[in-house]
Amino acid sequence: MKIQQEHVIESVFSALQYISYYHSPDFIRAMTSAYEKETHDSAKNAIAQILINSKMAALGQRPMCQDTGIINVFVEVGMNVSWEADLSLEEMINEGVRRAFTFADNPLRASIVTDPLFSRTNTKDNTPAVIHMKVVKGDVLKFIVAAKGCGSENKAKFAVLAPDDSVSDWVIKMIPTMGAGWCPPGIIGIGVGGTAEKAMLMAKESLMDPIDIVEVAQKSNQTNIEKMRLELMDKINNLGIGAQGLSGLTTVLDVKIKDYPSHAASQAVAIIPNCAATRHLHFSLDGSGVAQLPKVDMSIYPELEMDYSKYKHIDLNTLTREQMGEWNIGDTLLLTGTIITGRDGAHARLKHMLDEGKGLPKGVDFDNKFVYYVGPVDAVGDEVIGPAGPTTATRMDKFTDMMLENTNILGMIGKAERGNETANSIKNHKASYLIAVGGAAYLISKSIKKAKIIAFEDMGMEAIYEFEVEDMPVAVAVDSNGNNVHQIFQDLQVNS
């Protein structure tokens with residue numbers, strides 16, 4: 001039978017919609033196990049939010065994370081495949097991506113920019129995908145379709161070690177340098193051997209394998225690589241980084257390793273993490289029709305709900321710096337009131353306006369507000385806003401002094417750690433930095449009761465919004481005295 005063009009397009013479209021709101025069962029089971037054994041309150045709360053968010057996204061069929069990813073597609077093309085198509089396979093895949101990201105019932109956030117060196121113009125449909133093709137024996141097309149968030153993608157590491165250097169030692173040294181922006185707990189993929197690009201590709205490919213570390217631990221005849229995976233998982237989790245970098249027992253759910261023969265004088269090594277929004281799907285096409293996607297068993301989700309009675313309720317509209325001085329790092333807060341959004345592009349434009357003497361944009365009142373680092377998904381139906389989880393705050397460190405000195409903001413909300421200079425600036429201005437849980441975007445969006453664009457509408461997801469929130473869950477990461485919940489990263493790097 002011939003592979004039909006429309007079957008490829010429709011299968012890619014369906015797979016991308018599917019993985020935007022369904023975690024794989026192995027991930028849910030691993031995350032539930034991490035929740036059950038966690039003893040640190042703030043880390044346990046973060047894992048609970050990820051699991052609650054996952055179930056909500058599955059039921060609502062809306063993205064589990066606002067960063068719906070750069071699309072990675074791995075295709076094995078059987079040598080005997082025949083086609084009924086006008087487009088190339090690459091064009092078919094990208095048409096599937098285009099349909100998935102512009103689907104009216106569940107639009108996904110377009111994050112891909114063309115002309116990356118200069119204009120960085122959004123393509124508006126998340127194309128093109130990053131596609132890897134391999135020609136193999138047979139008459140079947142085998143696909144792995146993945147959506148990779150940039151919070152984890154940006155933490156990739158690469159080195160060429162000497163042949164006798166310890167890969168395990170290098171990995172343990174690198175993990176703290178990745179910070180919390182990759183939204184742990186997740187999976188670490190490692191590629192060893194080949195050449196630079198081969199090692200990176202193997203690290204990425206390894207993340208597509210199922211979570212099976214528990215089964216590996218129970219084997220009586222483990223391979224050397226399996227022993228290394230178990231050793232690394234224990235060492236990484238013993239670092240105490242924990243969920244969202246809040247300390248705790250589980251930083252990684254699994255460690256994957258792929259290797260390949262290499263030059264005798266070289267040992268190329270790559271690390272790529274997968275975040276709490278782990279999204280990939282495997283399917284095959286044999287010419288008989290569109291891919292049949294797995295049925296979802298909702299019983300795999302634990303019965304969890306947010307207990308809002310346990311946390312401090314904060315009225316943002318009357319909050320003072322004196323009141324913020326009573327907060328301690330690790331406290332979970334429920335925010336109610338007005339916040340202003342802004343992420344990389346908006347901050348850069350604000351800086352340009354201030355440098356040019358133009359002042360701040362009209363209609364944007366930052367005074368005594370928190371700035372939320374977010375690029376939300378567009379709303380559908382009666383939604384106020386689509387999934388709206390935090391982006392990595394570390395990227396905004398270079399703008400923090402500018403914002404604190406020119407806007408009188410009370411603080412910032414994001415995910416991941418802030419640098420030492422930024423923490424000192426927060427202390428000097430008696431401000432605060434709060435973290436929302438990366439991987440809980442749909443849950444967070446339900447606390448947003450009103451949303452309107454108030455500046456930079458032309459920037460799409462980078463526009464500045466005004467949100468009215470009710471009981472938005474966050475944790476104190478840097479308090480107004482400069483105490484930093486993520487200090488563990490600096491300490492680990494010094495000790496290593």
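Axes are lines fitted to C-alpha atoms, for helices over the stretch in contact, and the angles between N-to-C directions run from 0 to 180 degrees. The exercises below apply this to a predicted model.

**Exercise 1. Two helices side by side**

Task: Find how close the axes of helix α12 and helix α13 come and at what angle they cross, and then decide which term describes their relative direction.

Solution. Begin with the two elements themselves, which are helix α12, covering residues 397-407, and helix α13, covering residues 420-428. Their axes come within 9 Å, and the crossing angle is roughly 15°. Angles under 35 degrees count as roughly parallel, and α12 and α13 are therefore roughly parallel to each other. The next step is the handedness, and here α12 passes α13 in a left-handed crossing. Looking at the residues that touch, one finds D397, T400, D401 and L404 on the side of α12, while α13 contributes T422, S425 and I426. Sorted by class, this contact of α12 with α13 holds two nonpolar, three polar and two charged residues.

**Exercise 2. A second partner for α12**

Task: Work out how helix α11 is oriented towards α12, and list which residues make the contact.

Solution. Helix α11 spans residues 344-355, and its axis and that of α12 come within 11 Å, crossing at roughly 60°. An angle under 35 degrees would count as roughly parallel and one from 65 to 115 as roughly perpendicular, so the crossing makes α11 oblique to α12. The handedness follows as a separate step: α11 passes α12 in a left-handed crossing. From α11 the contact draws on D344, H347, A348, L350, K351 and L354, and from α12 it draws on F399, M402, M403 and N406. In the contact of α11 with α12, six residues are nonpolar, two are polar and two are charged.

**Exercise 3. The sheet that contains β9**

Task: Establish the strand order of the sheet made by β8, β9, β10 and β11, and explain why one side of β8 and of β10 is left without a neighbour.

Solution. The four strands make an open sheet with mixed pairing, and their order is β8-β11-β9-β10. At the edges stand β8 (157-161) and β10 (252-262), and because each has a single partner strand, one side of each is left without a neighbour in the sheet. From one strand to the next, the twist averages 15°. To follow one pairing in detail, take strand β9, residues 186-194, which pairs with β10 in the parallel sense over nine bridges. One can locate a particular bridge on the structure, since G193 has Y260 in β10 as its bridge partner. Finally, helix α7, residues 196-206, packs on this sheet and touches β8, β9, β10 and β11 (267-274), with its direction at about 150° to that of β9.

**Exercise 4. The sheet that contains β2**

Task: Identify the edge strands of the sheet formed by β6, β2, β7 and β12, and describe which helices lie against its strands.

Solution. The order of this open, four-stranded sheet is β6-β2-β7-β12, and the pairing is mixed. Its edge strands are β6 (130-136) and β12 (280-285), each of which pairs on one side only. Neighbouring strands are turned against each other by 15° on average, direction ignored. Strand β2, residues 70-78, runs parallel to β6 and is joined to it by seven bridges, and the bridge partner of V77 in β6 is V135. Turning to the helices, α4 (residues 89-101) packs on the sheet by touching β2, β6 and β7, and its direction makes about 145° with that of β2. Helix α1 (residues 5-21) lies across β2, β7 (141-148) and β12, running at about 160° to β12.

**Exercise 5. Unusual backbone geometry**

Task: Locate the cis peptide bond that involves P128 and the one that involves P185, and state where K124 lies.

Solution. The bond that joins T127 and P128 is cis, with omega about 0°, and P128 has its place in the loop between β5 (121-122) and β6. K124 lies in the loop between β5 and β6 as well, and it has a positive phi of about 70° although it is not a glycine. The peptide bond from P184 to P185 is also cis, with omega near 5°, and P185 is found in the loop between α6 (167-177) and β9.

Definitions and conventions. Residues numbered from 1 in each chain as written. Predicted model: local features only at pLDDT ≥ 70, side-chain atom pairs only at ≥ 80, totals over all residues. Heavy atoms only, no water. Pairing = 2+ DSSP bridges. Contact = heavy atoms within 4.5 Å. Parallel < 35°, antiparallel > 145°, perpendicular 65-115°, else oblique. Left-handed = near helix turned anticlockwise from the far one by under 90°. Nonpolar A, V, L, I, M, F, W, Y, C, P; charged D, E, K, R; others polar.
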